[in-house]
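Please go through this report with the model open beside it. It covers helix packing, salt bridges and backbone geometry.

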Amino acid sequence: MPVIVVSPLSRIAEMAVRHRACEMISLMAKEQAFHRPAVIAADRHLLLGMNDITFAGNAALVAPGEEHVLQIIEFAKQWDRSAPLLIHCWMGISRSPAAAVIAALAVEPDQDETGLALRLRAASAYVTPNSRLIEIGDRLLSRNGRLVAAIKAIGRGADTDGNAPFVFSPLPEPAVHAG
């Protein structure tokens, strides 16, 4: 089963190698410098420059926007799912979990938003997905407010130092039939 690995910046090389990821989405502040792990091909790395904010932004801060979410959706749709997709931001708590949910809906649009949000919370007690990314993703993926409501329902994550990568299934578990 394909998975999404969500990581803080400090552990992307480790996570890429450990999980044999071949594709990566980076959600970093515009000026933030870092090195792409060598196991991730440059043409399979999506770098999005944005800050972890929920307001419109200003001269110093770039708010997540529609163009960012469209790029997440298109990149996810091109993911062949033969290896994990690595998604990271600075802490792995807000932007990258939001992108993971958006990517999951891009590759499996028929799934239930509540089940998806509950899988995210089960994968990590710490995540608090960026509400601006979630709102834009909800609209662009025609979720009619259901994704926003599902993410709000799981609430704010527990406090953490941000050093808590996790693996998240973009697909619902297959139904098990008795008998």
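The sections below start with the basis of the model and then take up helices, ion pairs, one buried side chain and two backbone angles.

## Basis

This is a predicted model, in which local features need pLDDT of at least 70, side-chain atom pairs count only at pLDDT 80 or more, and totals for chains, interfaces and linings use all residues. Residues are numbered from 1 along each chain as its sequence is written, and side-chain values use heavy atoms, with hydrogens and water left out.

Helices are DSSP runs of H or I with at least four residues, strands are runs of E with at least two, and both are numbered from the N terminus.

## Helices α2 and α3

Two packed helices are described by the angle between their axes and the distance between the axes. Axes here are lines fitted to C-alpha atoms, for helices over the stretch in contact, and angles run from 0 to 180 degrees between N-to-C directions.

Helix α2 spans residues 66-78 and helix α3 spans residues 95-107. Their axes lie 8 Å apart, at an angle of about 50°. The two helices are therefore oblique to each other (under 35 degrees counts as roughly parallel, over 145 as roughly antiparallel, 65 to 115 as roughly perpendicular, and the rest as oblique). The crossing of α2 over α3 is right-handed: the near helix is turned clockwise from the far one by less than a right angle, whereas anticlockwise would be left-handed.

Contact means heavy atoms within 4.5 Å. On the α2 side, Val69, Ile72, Ile73, Ala76 and Lys77 take part. They meet Ala99, Ile102, Ala103, Ala106 and Val107 of α3. By class, the contact has nine nonpolar residues, no polar ones and one charged. Ala, Val, Leu, Ile, Met, Phe, Trp, Tyr, Cys and Pro count as nonpolar, Asp, Glu, Lys and Arg as charged, and the others, Gly among them, as polar.

## Helices α3 and α5

How do α3 and α5 cross? Their axes come within 9 Å and cross at roughly 15°. That makes α3 roughly parallel to α5. This crossing is right-handed.

Arg95, Ala98, Val101 and Ile102 represent α3 in the contact. Leu133, Ile134 and Gly137 represent α5. The residues divide into five nonpolar, one polar and one charged. Ile102 of α3 also appears in the contact with α2.

## Salt bridges

The whole structure holds seven salt bridges. A salt bridge is a side-chain nitrogen of Lys or Arg within 4 Å of a carboxyl oxygen of Asp or Glu. For accessibility, buried means under 20% relative accessible area, exposed over 50%, and partly exposed in between, with a 1.4 Å probe and protein chains only.

One pair is Arg18 and Glu14, at 2.7 Å from N to O. These residues are four apart in helix α1 (residues 12-19), about one helical turn. Arg18 is exposed at 53%, and Glu14 is partly exposed at 31%. Shared partners join Arg11, Glu14 and Arg18 into one salt-bridge network.

Arg44 and Glu23 form another salt bridge, 2.4 Å from N to O. Arg44 sits in the loop between β2 (23-28) and β3 (45-49), and Glu23 in strand β2, so the pair links distant parts of the chain, 21 residues apart. Both residues are buried.

Arg139 and Glu66 also pair, with their closest N and O atoms 3.0 Å apart. Arg139 belongs to helix α5 (residues 131-140) and Glu66 to helix α2, so the bridge ties together parts 73 residues apart in sequence. Arg139 is partly exposed at 48%. Glu66 is partly exposed at 35%.

## Leu147

Is Leu147 buried or exposed? Leu147, in helix α6, is buried, with a relative accessible area of 0%. Beyond neighbours within four places in sequence, Leu147 contacts Val101, Leu105, Glu113, Ile134, Gly137 and Asp138. Its C-alpha atom is 12 Å from that of Arg132, 15 residues away along the chain.

## Positive phi angles

Arg20 is not a glycine, yet its phi is positive, near 60°. Arg20 lies in the loop between α1 and β2 and is exposed at 68%.

Asn144, also not a glycine, has a positive phi of about 55°. Asn144 lies in the loop between α5 and α6 (146-154). Its relative accessible area is 66%, which counts as exposed.
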